[in-house]
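Thanks for sharing this one. Here are some notes to read alongside the model, arranged from the overall picture down to single residues.

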Amino acid sequence: MRRQNFEELGEADRLLIETARRSSVNAYAPYSGFAVGSAVRTRSKRLYHGANLENAAYGLGMCAEVAAITAANSAGDYDIEAIAVVGFRFSTPPDVTQVVTPCGRCRQLIFEAGQIARTDPVVFSCSGDLEHIEEARISEMLPGAFGPDNLGLSQSWPQLRGQLVETVRRIEAAGAPSAGRAVKR
Ligand code: THU
């Protein structure tokens, strides 16, 4: 893990971190009073972002990293090379000075995306004021992780994904059932 100064980071990383922080304003966090924003950068250099989403059934809450990674995957752009996390307490008393690091589940999700993409994603863990930034590779944050390689899947996913794309192409080409066909016996 390396401590970083925001001003000394490259432009792409600063933009990633600022995007994560901006996303925190969309947190739905009435239970914890703790907002987290996250942004991922993919190999295509596009950015995707998300915020934490809580629930009255507490265990159903979702982390900001999940939202950001899901946004990238939903765009068909899952090759993640870097992710930033910015969090802070906004309820009284506010505290924007503590570094927020991804939880264990999020580390596993980042690891999976990295192994599929053949990257070792960089993780920026940041305090809300961006005075404290920790940079690490996901392999450092989750050593000895179990992933798709253990199941022999990293190699076969591109081909299996090809089958997925082909199946969608085929069912779309068949068209949607017409109203007439639906009532015909
Ligand atoms: N949270 C995240 O979204 N990401 C993290 O890395 C740490 C924690 C959220 C979950 C919950 O909504 C709130 O922060 C307090 O734990």
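1. Let me begin with burial across the whole chain. Of the 185 residues in the protein, 37% are buried. Please keep in mind throughout that this is a predicted model, so every value below is computed from predicted coordinates.

2. On overall architecture, the protein has six helices and six strands. Read from the N terminus, the order of elements is β-α-β-β-α-β-α-β-β-α-α-α. The C-alpha trace covers about 65 × 35 × 30 Å along its principal axes. One pair gives a feel for distances across the model: the C-alpha atoms of Tyr31 and Leu160 are 41 Å apart, with their positions 129 residues apart in sequence.

3. Next, the ligand. Where does the ligand sit? Its place is the second largest pocket. The surrounding shell holds 13 residues, and the closest are Asn52, Glu54, Cys63, Ala64 and Glu65. By residue class, the shell consists of eight nonpolar, three polar and two charged residues. Two elements worth displaying here are strand S2 (34-42) and helix H2 (64-74), each of which supplies at least two residues of that shell.

4. Three polar approaches to the ligand deserve a look, each involving an oxygen atom on the ligand side. For Asn52, a polar side-chain atom comes to 2.9 Å from a ligand oxygen. With Ala64 the partner is a polar backbone atom, at 2.8 Å from an oxygen of the ligand. For Glu65, a polar side-chain atom lies 2.6 Å from a ligand oxygen. As for coverage, the ligand taken alone exposes 370 Å², and the protein buries 76% of that.

5. Strand S2 merits its own point, since it has turned up already as a contributor to the ligand shell. Is Ser38, in this strand, buried or exposed? Ser38 counts as buried because its relative accessibility is 0%. Its C-alpha lies 5.4 Å from that of Gly50, although the two residues are twelve positions apart in sequence. Gly50 falls within the range of strand S3 (47-51).

6. Thr42 also belongs to strand S2. Thr42 has a relative accessibility of 0%, so this residue is classed as buried too. Which residue does the side chain of Thr42 meet in a polar contact? The partner is the side chain of Asp77, at 2.9 Å.

7. For another threonine, turn to Thr19 in helix H1. Its relative accessible area is 16%; the cut-off for buried is under 20%, and Thr19 is therefore counted as buried. The side chain of Thr19 comes within 2.7 Å of the backbone oxygen of Leu15, a contact you can check quickly on screen.

8. The loop between helix H1 (11-23) and S2 contains Tyr31, the residue used in the distance check above. With a relative accessibility of 39%, Tyr31 falls in the partly exposed class, because that class runs between the 20% and 50% cut-offs.

9. Now for backbone geometry, where three spots stand out for a reviewer. As background, most residues other than glycine have a negative phi, and most peptide bonds are trans. The bond from Thr92 to Pro93 is cis, with omega near -5°. Pro93 is found in the loop between strand S4 (80-89) and helix H3 (104-117).

10. The other two spots concern phi. Lys45 is not a glycine, yet its phi is positive at about 75°. Lys45 sits in the loop between S2 and strand S3, and it counts as exposed because its relative accessibility is 53%. Arg118, again not a glycine, has a positive phi of about 60°. Its place is the loop between H3 and strand S5 (122-127). How exposed is Arg118? The relative accessible area is 49%, so Arg118 is partly exposed; the exposed class needs over 50%.

11. If you have time for a short second look, I would go back to two places. One is the ligand shell with Asn52, Ala64 and Glu65 among the closest residues. The other is the cis bond between Thr92 and Pro93.

Note on methods. Residues numbered from 1 in each chain as written. Predicted model: local features only at pLDDT ≥ 70, side-chain atom pairs only at ≥ 80, totals over all residues. Heavy atoms only, no water. Near = heavy atom within 4 Å. Polar contact = N/O pair within 3.5 Å; in protein donor to acceptor, adjacent residues only side chain to side chain. Areas by Shrake-Rupley, 256 points an atom, 1.4 Å probe, with all protein chains shown as cover. 1 Å grid on protein atoms, 1.4 Å probe; cavity = no way out; pocket = protein on both sides within 12 Å on 5 of 7 lines; lining within 4 Å. Sits in = over half its atoms within 2 Å of the grid points. Helix = DSSP H or I, 4+ residues; strand = E, 2+ residues; numbered from the N terminus. Nonpolar A, V, L, I, M, F, W, Y, C, P; charged D, E, K, R; others polar. Buried < 20%, exposed > 50% of the residue type's maximum accessible area, 1.4 Å probe, protein only.
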